[in-house]
Amino acid sequence: MAETDVHAPLRQDVRLLGQLLGDTLQEQESGLLLDLVEQIRNLAKHARAGHEEQHKQLLEKLSRLQPHQLVPVARAFSHFLNLANLAEQYHRVRRRRAYQASGRKNQRATLNELWPRLQKAGVSEDAFFNTLQQLSIELVLTAHPTEVTRRTLIQKHDDITDCLETLDTRKLTPQEQAQVIRRLKRNIVAAWNTDEIRAERPTPVDEAKWGFVTIEQTLWHALPAYLRELDDWLQQNLQRRLPMDFAPVSFASWMGGDRDGNPNVTADVTEEVLRLARWMAADLFGRDLEKLYHELSMQACSAELREQVGDVREPYRALLKPLRDRLQHTKLWLNALLQGDTWRGLEPIQTTDQLLEPLLLCHRSLVQCNLREVADGELLDTIRRLHGFGVTLLRLDVRQESSRHRDAIAAITRDLGMGDYAEWDETQRQEFLLAELTSKRPLIPPDFAPEPEVAEVLATFRMLAQQRHEALGAYVISMAHAPSDVLAVQLLQKASGMKTFMRVVPLFETIDDLQHAPQTLTQLLQLAEYRASINGRQEIMIGYSDSAKDGGFLAAAWMQYQAQEQLAQICRQHDVQLTLFHGRGGSTSRGGAPSHEAILSQPPGVVNGRIRITEQGEVIRAKFSPFGVAVRSLERYVAAMLDATLLPRIAPEPQWRERMEQLAQTSAEAYRQLVKSDAHFLQYFQHVTPEQELQRLPLGSRPAKRRQRGGIDTLRAIPWVFAWTQMRLMLPAWLGVDVAFGQALAQGHGEQLHEMYERWPFFRMMIGMQEMVLAKSDAQIAAYYERRLGEDEDRQLGQTLRTRLAEMIDLVITITGHSVLLQNNAVIRRSIEVRNPYLDPLHMLQVELMRSSRGQVAEDPQQTRALMITVAGIAAGMRNTG
C-alpha cells in the first residue's frame with residue numbers, strides 16, 4: 001500500500017467528524033453561525049496560503065464579531081481541533097493493527113523488531129527472560145497546572161473513539177453503519193452542549209479523580225491485555241510463559257500528594273485522596289469479581305479448594321461470594337471514613353494478599369481440573385491487575401520543599417532549648433539528625449504548639465504514619481541541596497511514629513543542584529547509618545522543568561545527562577542499586593521526548609531495568625487513551641527498557657563531550673543574557689503572551705507563581721512554557737541553542753554536529769525535540785501578538801527573536817542534512833498544516849480578547865469564557881500546553 005493511502009482513513013475520519021460538527025452547529029445554534037465559521041475557516045485557509053487580501057478580511061471579520069458571537073465561534077474551532085485529536089489517536093491504533101495483520105516485524109519499539117537485534121548481539125534467551133522478569137517501570141501520574149480537558153468530557157470523547165473503531169473494524173450493514181454514525185453525532189451534540197470550561201479552579205481532589213478516570217477507562221483493561229500479548233509472544237518465540245506475579249509496569253501518583261508550593265494540598269486532602277483511591281480500587285475489583293462469579297460456575301475443583309468451601313455445588317462461587325461482599329463493605333467503610341462516620345460492618349479488605357490468595361487458589365484448582373483455558377481468562381487478568389494496581393489502585397508519592405522540613409525541625413530545636421537548627425552548618429545538622437534517628441526518646445514535646453505552616457508539615461507526617469505502607473510511594477524533596485535534607489525527612493517519619501519509612505528521594509532540579517548532586521549523594525552514602533537504612537537501594541529524581549527554565553534547554557539537557565552518569569557511577573562504587581526518577585513534562589523544554597527515544601538516549605549503564613517517569617496532564621490522555629494506544633504505550637516502554645538494558649549503548653566520544661560542553665556553556669550564557677539581563681524582556685513577556693491571563697484562569701489547583709510578587713524567577717516552569725506555546729514563539733525550547741549552534745557552525749564544526757546527530761542517541765533525541773517544537777512555532781502568529789498587544793520596545797525585541805527563530809530553523813536543517821523540518825515524519829508535518837487554519841482564528845480571537853480585557857476595569861464574564869476557550873482550543877491544536 002502506498003504511503004499516501006495509509007493515512008487516507010484518518011483523513012476520512014476527520015472529514016466525517018467535521019461534517020457532523022457542522023451539522024451540529026446548524027441544528028443546535030443556527031445556520032448563521034455555521035456560515036460565519038465556514039467563512040472564517042476559508043479566509044484562514046487562504047491567508048495561510050499567502051493571500052494578503054484574505055488575511056486582512058480575516059482580521060476584519062474577527063475584530064467585528066459581536067459579543068454574543070465570541071464564545072460560539074471560539075468553541076466551534078476548539079471542538080474541531082479536539083475531534084481531530086481523537087481521530088489521530090485512533091489512527092495510531094489502526095496503524096498498529098495494520099502492522100500486526102500484515103505479519104511485518106519491523107515496527108519500532110516492539111519485541112518483534114527488538115528480538116532479532118538482541119540475538120545478533122549474542123543475548124541469550126535466559127538473559128532476555130531474566131531481564132524481562134526483573135523490569136521495574138513505574139509511571140507516576142501527575143496533575144498538570146494548566147490541564148485543559150474537563151473530566152466530564154472524557155467519557156464523551158471515549159465514546160466518539162469507540163464509534164470510529166466500530167466503523168473501522170466491523171463489517172456493518174448500511175443500517176448498522178447509520179446507527180453508529182447517529183451515535184457519533186449524539187456524542188458530538190452532547191459535547192457541544194457541555195461546558196468545556198471549568199467554572200471554578202479544580203481542587204487537588206478533583207485532579208486526583210481525573211487521574212482515576214484514566215485508570216478506570218483504559219489502563220485497568222490495557223495492562224492485562226498487554227501482558228496477555230506479551231505472554232503470547234513469549235510462547236510463540238521462546239516457548240516460555242510469564243509468571244502470574246509478573247508486573248513490569250506499575251502506577252503511582254502525585255495528585256493530592258504534591259504539596260510543593262501548593263497550599264491547597266493539606267494532610268486532610270492527602271488522606272482523602274488515599275481513601276478515594278482505595279474506594280476506586282475496591283469498586284473496580286468488585287466489578288471484576290462480579291464477572292468471575294458469573295463465569296466460574298463449574299463444579300469440578302481441587303481438594304484444596306473443597307477444604308475451604310465444604311461440600312457445595314458451586315465451589316468457586318462459594319469462595320468468591322464472601323470476597324465480593326467484603327469488597328462492597330470496603331467501599332461502605334471508606335464512605336464512612338470520608339464522611340466522618342463510625343463503621344460497624346464487615347471487616348474491609350486491607351491488603352492485596354487478602355484478595356490475591358483466594359484468586360490464586362481458584363486458579364490452582366482450575367488448572368488441576370484441566371480447565372486452564374478458564375483459569376487463564378478473566379481470572380488471570382484480575383490476578384495481574386492485583387499485582388499491577390493492588391488494593392490501593394496506585395501508590396501516592398508526597399512532595400514537599402526542603403525548607404519546610406528545615407523550618408519544622410528548627411521550630412522543634414528552639415522549643416527544646418537546643419538552639420536554632422536553621423542556623424547550624426551542615427556538619428552540625430547531620431550530627432543532630434543522626435543522633436536523633438537512633439535516640440529512643442520522643443523528639444516532639446507533647447505540648448508543642450508550632451506556627452500553622454510547621455503544624456501542617458507535622459500533621460502530614462502523622463497522617464502518613466497511619467496509612468498502610470503499600471498505599472505510599474516515595475517522599476520527594478524538592479530543592480534538595482544537602483544530605484541533611486534527606487536525613488531530616490527520615491527523622492520526621494520516625495518522630496511521627498512511622499513503622500516502615502517511605503523511601504526518601506532527593507529531587508535535583510536547578511542547574512546548580514544538578515552540578516552538586518554527585519557530591520550530595522557521595523556524602524550521603526559515606527554515612528554508614530544512612531547506608532544501612534536504604535537496603536542497598538537509592539532513588540534520585542532528576543528535574544527537567546526548573547533546570548531548563550534556569551539555564552535553557554540545551555544546557556539543562558547536558559547537565560542532566562552528566563549528572564546521571566556520575567550518580568550511576570557513585571552508586572556502583574558503593575554497591576547500591578540506583579533508580580532514576582525522571583520528572584519529564586509534555587513540552588520539549590521540559591524533557592517531553594517520546595518515551596521510547598527518551599529511554600534509549602540515557603547514558604550507558606544508567607537504566608539497568610529500573611525507571612520511574614512522570615506522566616503529566618494531557619500527556620496521560622495522549623499516551624493512555626484510547627485502549628489501543630494505552631496497550632501500545634506499555635509495549636513501547638517495555639521494549640525500550642529491554643533495549644536500553646540488554647544492548648550496548650553508544651557512549652559519547654571525548655570530542656563530542658568537548659563540543660557539548662562548549663555548546664551548553666554558550667547556550668546558557670545566551671539564554672540568561674536575554675531572560676535575566678535584558679531590561680525589556682520581562683515587559684515583553686508580560687505584554688505579548690497570555691501570562692497575565694493564565695494566572696487568572698481556573699485551570700489547575702496549583703498557583704501559577706511560587707510567590708505573587710516578582711518576575712520570571714517566581715513563575716513556575718509549566719505556565720512559563722504554556723504562555724510561549726499559546727503565542728507560538730516556543731521560546732524556552734530553542735533560546736540560547738540558536739547562538740550555540742550558530743557559533744559552532746560558523747567555526748566549521750558542522751560535520752562534527754552532523755556526526756553527533758547520526759551516531760549519538762542523546763544528541764539525536766535532542767535535535768528531534770527541536771525539530772518538533774520548531775515545526776509548531778509560527779513567527780507570523782507571534783508577530784500578530786506583538787503588533788496588537790505590545791509597545792514599540794516589545795516589537796523591536798520581538799523582531800529580533802523572530803529573526804533568531806528563523807535562523808534556528810535553518811541551523812537545525814543544516815545539522816540534520818534534511819531539506820525541511822520533520823522530513824522523516826510526514827504525518828506530524830501534515831497534521832500541523834491541517835490544524836493551522838483552525839488555530840489561526842483562535843490565536844487572533846485570543847489576542848483581541850486579551851487586548852479588550854486589559855483595558856477594562858471590571859471583568860466581562862462572556863469575554864473571560866471566550867478567552868478560556870481559545871486557551872483550551874490552542875492547547876488542543878498544539879497537542880501540548882506546558
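**Group meeting: strands, a pocket, an arginine and some cysteines**

Okay, let's start with strand 1 and strand 2, residues 249–253: the two run parallel, with 5 bridges joining them. One pair to click on there is Val140, which sits opposite Ala252 of strand 2. Before I go on, keep in mind that what you have on screen is a predicted model.

Strand 1 has another neighbour too. Strand 8, residues 610–616, is joined to strand 1 by 7 bridges, and that pairing is also parallel. If you want a spot to look at, take Ser136, whose bridge partner in strand 8 is Arg610. So how much of strand 1, residues 136–142, is buried? Of its 7 residues, 6 are buried, so I'd call the strand mostly covered, with buried meaning under 20% relative accessible area. As a reminder for anyone colouring side chains, in a regular strand they alternate between the two faces of the sheet.

Now the pocket. I'm picking the second largest one, with a volume of about 1,100 Å³. Its lining takes in 38 residues, and the ones closest to the centre are Glu138, Arg395, His469, Leu472 and Arg503. Which element gives the largest share of that lining? That's helix 15, residues 372–389, with 4 residues.

Next, an arginine I got curious about. Arg75 belongs to helix 5, which covers residues 67–102. Is Arg75 buried or exposed? Its relative accessibility is 7%, and the cut-off for buried is under 20%, so Arg75 counts as buried. What does its side chain make a polar contact with? The side chain of Glu196, at 3.0 Å. Leaving out residues up to four places away in sequence, Arg75 also touches Ala191, Trp192, Asn193 and Thr194, among others. Arg865 and Ile869 are on that contact list as well.

Last bit: cysteines. A disulfide is a covalent bond between the sulfur atoms of two cysteines. How many disulfides does the model have? The count is 0. Take Cys369: the closest cysteine sulfur is in Cys301, 6.2 Å away, and a disulfide needs the sulfurs within 2.5 Å, so that's too far for a bond. As for their surroundings, Cys369 is partly exposed, with a relative accessible area of 23%, while Cys571 counts as buried because its relative accessibility is 1%.

That's my tour, thanks everyone.

Key. Residues are numbered from 1 along each chain as its sequence is written. This is a predicted model: local features need pLDDT of at least 70, side-chain atom pairs count only at pLDDT 80 or more; totals for chains, interfaces and linings use all residues. Side-chain values use heavy atoms; hydrogens and water are left out. Buried means under 20% relative accessible area, exposed over 50%, partly exposed in between (1.4 Å probe, protein chains only). A polar contact is a pair of N or O atoms within 3.5 Å; within protein, one must be able to donate a hydrogen and the other to accept it, and residues adjacent in sequence count only if both atoms are side-chain atoms. Contact means heavy atoms within 4.5 Å. Two strands pair if DSSP finds at least two bridges between them. On a 1 Å grid over the protein atoms alone, a cavity is a set of points where a 1.4 Å probe fits but cannot get out, and a pocket is an open set with protein on both sides within 12 Å along at least five of seven lines; lining residues have an atom within 4 Å of a point. Grid points are joined across faces, edges and corners, and a volume is the space filled by probe spheres set on the points.
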